[in-house]
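Work through the following exercises with the structure open beside you, and try each task before reading its solution.

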Amino acid sequence: MSASIRVTVWNEYRHERHDERVAAIYPEGMHIAIALPLSANPGITVRTATLDEPEHGLSVELLDATDVLIWWGHLAHGEVSDTVVERVAARVLDGMGLVVLHSGHFAKIFKRLMGTSCDLKWRVGDDHERIWVVAPGHPIAAGLGETIEIGPEEMYGELFDVPAPETLVFISWFSGGELFRSGCCYTRGRGKIFYFRPGHETYPTYHHPDVQRVIANAVVWAAPVDGPRPQFGNARPRNP
Ligand code: ZN
């Protein structure tokens, strides 16, 4: 691993270009709103990629030079090519970290790596969201208080059809009465995956300092480590 963690923030980048309510909140796109505070962290270098670039901006060369990929998608999951999905999946299995945000729960890459429907309940109704930290010693919770007051957000409710998280870092409470497992850690192969719930496009969630802190913490947690590569297949005895 290089001295600096190399992050690529991937964004579908459609809402911001076609919905003036979203453009008012994220005039340069959500990828820029996520990338800028991340790049202020020492030891993290950031670039961005978007759906409508060639290969969705996710060439072999770029992925090979990415330690952690952050993913935001919503409207156009079906437009992401299966070739790129398999390319990203292979990189995760080989050690690249993946941070999946909000409606990325339905991204092809997340469903591919989870193996379940990843479906959930939802409602855009200005519910108040309060995130509770339920793994206070976890690196992704570093620097947070007991809760994160998000304020008005889209509601996501259980059941969230994902495999049981290896560590559950956050639970969301919504004023409409639902609960949601909103910070879920997984490993797949040599790679780490973190799903983080908030971030509906019509709310200024990615401007929230605690949300920015969680994303930065998740990048550090998900960064590859220089562990051994698995050796498979027929094996000679170690002790002749
Ligand atoms: Zn949403």
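**Exercise 1. Neighbouring strands**

In which sense do strand β1 (residues 5-11) and β3 pair, and over how many bridges?

Solution. Keep in mind from the start that this is a predicted model. Begin with strand β1 and β3, which pair in the parallel sense over 5 bridges; within this pairing, V9 has I70 of β3 as its bridge partner. Next, look at the link between β3 and strand β4 (residues 97-101), where 4 bridges join the two and the strands run parallel. Here I70 stands opposite V99 in β4, and the path of the chain from β3 to β4 passes through helix α5 (residues 82-93), forming a right-handed β-α-β crossover. W71, for its part, stands opposite V100 in β4. Finally, move on from β4 to β9, to which β4 is joined by 4 bridges, again in a parallel run, and find L101 opposite F196 of β9.

**Exercise 2. Burial of two strands**

Decide how many residues of strand β3 (residues 68-72) are buried, and work out which way each of them points.

Solution. The cut-off needed here is that a residue counts as buried when its relative accessible area is under 20%. By this test 5 of the 5 residues of β3 are buried, so the strand is largely enclosed by the rest of the structure. The second step is to sort the side chains by direction: V68, I70 and W72 point one way from β3, while L69 and W71 point the other way, and all are buried. Now repeat the reasoning for β4, which is mostly covered, with 5 of its 5 residues buried. G97, V99 and L101 point one way from β4, whereas L98 and V100 point the other way, and all of these are buried too.

For contrast, turn to R47, which is found in strand β2 (residues 44-50). R47 has a relative accessibility of 40% and therefore counts as partly exposed, since that class lies between the limits of 20% and 50%. The C-alpha atoms of R47 and I32 are separated by 9.0 Å, although these residues are 15 residues apart along the chain.

**Exercise 3. The zinc ion**

Identify the protein donors of the zinc ion, and describe where they lie along the chain.

Solution. First name the donors together with their atoms: H102 (NE2), E154 (OE) and H200 (ND1), which lie 2.0 to 2.1 Å from the zinc ion. Next, read their spacing in sequence, which is H-x51-E-x45-H. E154, in strand β6 (residues 147-157), and H200, in the loop between β9 (191-196) and α7 (209-222), are 46 residues apart, and this pair links distant parts of the chain. The remaining donor, H102, is found in the loop between β4 and α6 (108-114). As a last step, check the burial of each donor: H102 is buried with a relative accessible area of 0%, E154 is buried at 5%, and H200 is buried at 6%.

**Exercise 4. The second largest pocket**

What is the volume of the second largest pocket, and which residues line it?

Solution. The volume of this pocket is about 180 Å³. Its lining consists of H74, H77, S103, H105, F106, D119, L120, W122, V124, E154, Y156 and H200. The elements that give two or more residues to this lining are β5 (121-133) and β6. Sorting the lining by class then gives 5 nonpolar, 5 polar and 2 charged residues. Comparing this list with the previous exercise shows that E154 and H200 line the pocket and are also donors of the zinc ion.

**Exercise 5. Unusual backbone angles**

Find what sets the backbone apart at H102, at C118 and between E158 and L159.

Solution. The starting point is that most residues other than glycine have a negative phi, and most peptide bonds are trans. H102 has a positive phi, near 45 degrees, in a residue other than glycine. C118, which is found in the loop between α6 and β5, likewise has a positive phi, of about 60 degrees, although it is not a glycine. C118 is buried, with a relative accessible area of 0%. Lastly, a cis peptide bond with an omega of about 15 degrees joins E158 and L159, and L159 is found in the loop between β6 and β7 (167-174).

Note on methods: Residues numbered from 1 in each chain as written. Predicted model: local features only at pLDDT ≥ 70, side-chain atom pairs only at ≥ 80, totals over all residues. Heavy atoms only, no water. Donors = N, O, S within 2.8 Å, 3.2 Å for Na, K, Ca; no water. Buried < 20%, exposed > 50% of the residue type's maximum accessible area, 1.4 Å probe, protein only. Pairing = 2+ DSSP bridges. Right-handed = clockwise from strand over helix to strand, strands pointing away. 1 Å grid on protein atoms, 1.4 Å probe; cavity = no way out; pocket = protein on both sides within 12 Å on 5 of 7 lines; lining within 4 Å. Points joined across faces, edges and corners; volume = space filled by probe spheres on them. Nonpolar A, V, L, I, M, F, W, Y, C, P; charged D, E, K, R; others polar.
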